[in-house]
Amino acid sequence: MVIIAYNDAQILDVACPSGALEIANSHGAVPPYAIELATVTGRDVRSSSGIALTGARRLASVTGRIDTMLVVGGDGTRNAMADDGMLTQIQRLARRSRRVASVCTGAFVLAAAGLLDGRRVATHWAYGDLLAEHFPRVTVDLAPLYVQDGNVYTSAGVTSALDLTLAFVEDDHGPTVARETARELVTYLQRPADQAQISMFLAGPPPGDRQVRDLLGYIATHPGEDLSPAALAARAQISRRHLTRLFVTHVGTTPARAVRAARTEAAAHLVRGSELSLAAVARRCGFGSAEVLRQAFLDHYGMTGDKIRRIADMPEPHERKTPQTSRHGGPGVSSAGNAFAQGDPPQRSGEIEGV
């Protein structure tokens, strides 16, 4: 697993994947992950926080097959995009990699290397317009936490790198190793790629029944669709009675209650992370009206949607004003690294203004 960094990279973009993979190794990942940090020169680089990233390999020295090449984001993205040597090495290593991935604004680096042409990708929501504007052959989708298009994976803000890494662990070693990794990290179980803003807390092991797991994934990614017991039973090609029996046995609740909880979580994240009206949120998340959504919020959180939004809008001390939502979609729940510093040096030839 090769993580590519550069000066002024976001340290969490490095720490989230490497830390999760290390913990996966301790929980039985076989074969274990061999994690390597690589830079253009092989010398240490400084993260945007000022903490040095040491022990890096020189990109040109990386040979042989690579399981996953991951490019991080951060304040240094502009310079990384303008580094022809880095782009050439990324192109070379991509051909040797089973998976190619980016975190946050690392997508700009992959795009500059020509690896995202014709692909659907994710990046941090505040920079989606810029990515789409300067790379018109790239389709930017800012709703999901991360996007898979072929063997290329792109994720949103820094903490979505954890979701992406846990997805890799589950694909490579199964749900048990992924769940134990998430549990040790005291985090949420990895969210599906197209799950826009829903997180299911690790209350217990993943359902042992494949049909239930598949249905829960469908519910999470399609909150606005018909999720009635009849529709879910038809989707699974089982009877409604058997559907209820499976959910009670493996989830501990009925299908209708599981759907309501998932829709309420999705609606809460949209309220916190977008400027959509409550009526629009209700429609998008499968509630009949804003009043029905209001009651669901009261039942689930003990507060109304307006209060949830007020709490989300309350600035922290010295908080910098957040950029406007991208036209490509609402913001995700990922925490953004300071992807591009304000007051950057004058633009050099070939650089993208604003990056």
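This short talk concerns the backbone of a predicted model, at a few residues with less common geometry, and the packing of one helix.

Let me begin with the general expectation. Most peptide bonds are trans, and for residues other than glycine phi is mostly negative. Against that background, I shall go through the chain from the N-terminal side.

Between helix H1 (11-26) and strand S2 (36-39) there is a loop that contains proline 31. The bond joining valine 30 to proline 31 is cis, its omega being near 0 degrees.

Next, please turn to cysteine 104. This residue sits in the loop that links strand S7 (97-102) to helix H4 (106-112). Its phi is positive, near 55 degrees, although cysteine 104 is not a glycine. Is cysteine 104 buried or exposed? Its relative accessibility is 1%, so cysteine 104 counts as buried.

I come now to helix H7, residues 175-184. Which of its residues are buried? They are Val177, Ala178, Arg179, Thr181 and Ala182. These buried residues pack against H1 and against helix H6 (160-173). Just after H7 comes valine 186, where phi is again positive, at about 55 degrees.

The last position is glutamine 237, in the loop between helix H9 (229-236) and helix H10 (240-250). Here phi is positive at about 60 degrees, and once more the residue is not a glycine. With a relative accessible area of 73%, glutamine 237 is exposed, because the cut-off for exposed is over 50%.

To close, I would set two of these residues side by side: cysteine 104 is buried, whereas glutamine 237 is exposed. Phi is positive in cysteine 104 and also in glutamine 237.

Note on methods
Residues numbered from 1 in each chain as written. Predicted model: local features only at pLDDT ≥ 70, side-chain atom pairs only at ≥ 80, totals over all residues. Heavy atoms only, no water. Helix = DSSP H or I, 4+ residues; strand = E, 2+ residues; numbered from the N terminus. Buried < 20%, exposed > 50% of the residue type's maximum accessible area, 1.4 Å probe, protein only. Contact = heavy atoms within 4.5 Å.
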